[in-house]
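Reader: I have a structure open and would enjoy talking it through with you. Shall we begin?

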Amino acid sequence: MDKLLKGRLEKIFDNCKGANNIIIANTESQDPNFRYLTRFKSGVFEDDMLIASRNGVELFTSELEYETAISQKLEGMQIRKVDKRNRNKIKKVLYNKLHNTIIGINGSFMPAATYLRVKKEYKPKRIIDVSECFYKARVVKDREEIENIEKAAEITKAALEKISKYFKEGITEVELAKRFDELSSELGSEKPSFDTIVSFGKNAALPHHMPDNTQLRQGDIVLIDAGATVNGYCSDMTRTFIFGRDSRESREKEMYNVVKHAQELAIQAMKPGATGDEVDKAARSYIDSVFNGKYKGTFIHSLGHSVGLEVHDGYALYPGSKVTLKEGMVFTAEPGVYVVGFGGVRIEDDVLITKNGNVLLGRGELG
């Protein structure tokens, strides 16, 4: 069996004792766990079904995707074509495989209609939700995953370094977001890992403000939160700029310096054995206490989240978070300060936890 596939199946089933088989059922969208197991780089596989066991995976796909699947087939993977001529035969194969067994499903993705159909047609002994098993397996990345995230981070970092030359008075948030996505695509991104956030001025006080027709003015804060994808893997970075004037003594620059130092403290705390609560506290306690509490309560979201096949890939770093950092995990570090009616600052990087500490991704340092 393919070495990476074997390792991923072992991680999933070690985290999920009890399931004999796991069904990954795509809809119009592709379940991220389908990509995790197949490592396919092309194809849609709409409404296809994947059956995983400790011994390998079996894909049931249409004529439309059959040759695409065959061309990417891994050792330990079986591909079955489903068409009008053999549909009843395939149903019998699935019934014999799944009848009276314990089936795992991704309850966070599978629609209720698919769940009911599986239950009715294949009559399993029990159906259990194994979504948490996948999150536990996926949160620690293997080398291939890390390389993909690193490439995505390099693209986003390069696009963020280039975007400031497009700042001009009167450009709208929508126009700048579009230009950023074009830059990212030109640099090699498959697609944005989420809808690019661009915020000018007081809009930057809203962490998830979506670009509108607000125009850029002299002295405005410019906050850009964006990500790229490479082979389905995401990056997520934020940079904050001040447009068009000397800001060395400004309130915006003070906020920027507070957030920058808070991020540095958080990254210093991101190492194996640290908890999400401890990492969050490293940044939050500083922001709440600096300048006699001037910015207390202005950091209004979690310190970060895991990144992978999804931009929010299962776990987060927040007050009370019990997740323990381990080598191979990738989390964002994204403290922020938000002053409603004035503006906000956020700085975000993707951080790989290593044996002795961490590495910021996007710097081309992995070799």
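Reader: Which residue meets Arg179 in a salt bridge, N to O?

Author: Happy to start there, with the reminder that this is a predicted model. The N to O separation is 3.0 Å, which is within the 4 Å allowed for a salt bridge. The side chain that Arg179 meets in this way is that of Glu182.

Reader: How are Arg179 and Glu182 placed in helix H8?

Author: Helix H8 covers residues 173-186. Arg179 and Glu182 are three residues apart in helix H8, so the separation between them is about one helical turn.

Reader: Is Arg179 buried or exposed?

Author: The cut-off for buried is under 20% relative accessible area. Its partner Glu182 has 31% and is partly exposed. Arg179 has 18% relative accessibility, so Arg179 counts as buried.

Reader: At what angle do H7 and H8 pack?

Author: Helix H7 is made of residues 143-163. The axes of H7 and H8 lie 9 Å apart, and the packing angle is about 130°.

Reader: Are H7 and H8 parallel or oblique to each other?

Author: Angles under 35 degrees count as roughly parallel and those over 145 as roughly antiparallel, while 65 to 115 is roughly perpendicular. The angle for H7 and H8 is about 130°. The two helices are therefore oblique.

Reader: What is the hand of the crossing where H7 passes H8?

Author: The crossing of H7 past H8 is right-handed. Residues making the contact include Ile155, Ala159 and Leu160 on H7, with Leu176, Phe180 and Leu183 among those on H8. Arg179, the salt-bridge partner of Glu182, is also one of the H8 contact residues. To give the hand once more: right-handed.

Reader: What is the order of the strands in the open sheet?

Author: The sheet has three strands with antiparallel pairing. Strand S7 (197-200) and strand S11 (237-242) are the edges, each pairing on one side only. From one strand to the next, the twist averages 10°. The order is S7-S8-S11.

Reader: How many bridges join strand S8 to S11?

Author: Strand S8 spans residues 221-226 and runs antiparallel to S11. Within this pair, Val222 stands opposite Phe241. The number of bridges joining S8 to S11 is six.

Reader: Which strands does helix H7 touch as it packs on the sheet?

Author: The direction of H7 makes about 10° with that of S11. Helix H8, meanwhile, lies across S7 and S8, at about 145° to S7. The strands that H7 touches are S8 and S11.

Reader: Which residue forms a salt bridge with Glu310?

Author: In this pair the closest N and O atoms are 3.0 Å apart. Glu310 is in the loop between strand S12 (304-305) and strand S13 (316-317), and its partner is in helix H6 (residues 131-138), so the pair ties together parts 172 residues apart in sequence. Glu310 is partly exposed at 26% relative accessibility, while the partner is buried at 2%. That partner is Arg138.

Reader: Where do Arg284 and Asp280 lie, and are they buried or exposed?

Author: Arg284 and Asp280 form a salt bridge with the closest N and O atoms 2.7 Å apart. They are four residues apart in helix H10 (residues 276-293), so about one helical turn separates them. As for their setting, both Arg284 and Asp280 are buried.

Terms used. Residues are numbered from 1 along each chain as its sequence is written. This is a predicted model: local features need pLDDT of at least 70, side-chain atom pairs count only at pLDDT 80 or more; totals for chains, interfaces and linings use all residues. Side-chain values use heavy atoms; hydrogens and water are left out. Two strands pair if DSSP finds at least two bridges between them. Axes are lines fitted to C-alpha atoms, for helices over the stretch in contact, and angles run from 0 to 180 degrees between N-to-C directions. Contact means heavy atoms within 4.5 Å. Buried means under 20% relative accessible area, exposed over 50%, partly exposed in between (1.4 Å probe, protein chains only). A crossing is left-handed if the near helix is turned anticlockwise from the far one by less than a right angle, and right-handed if clockwise.
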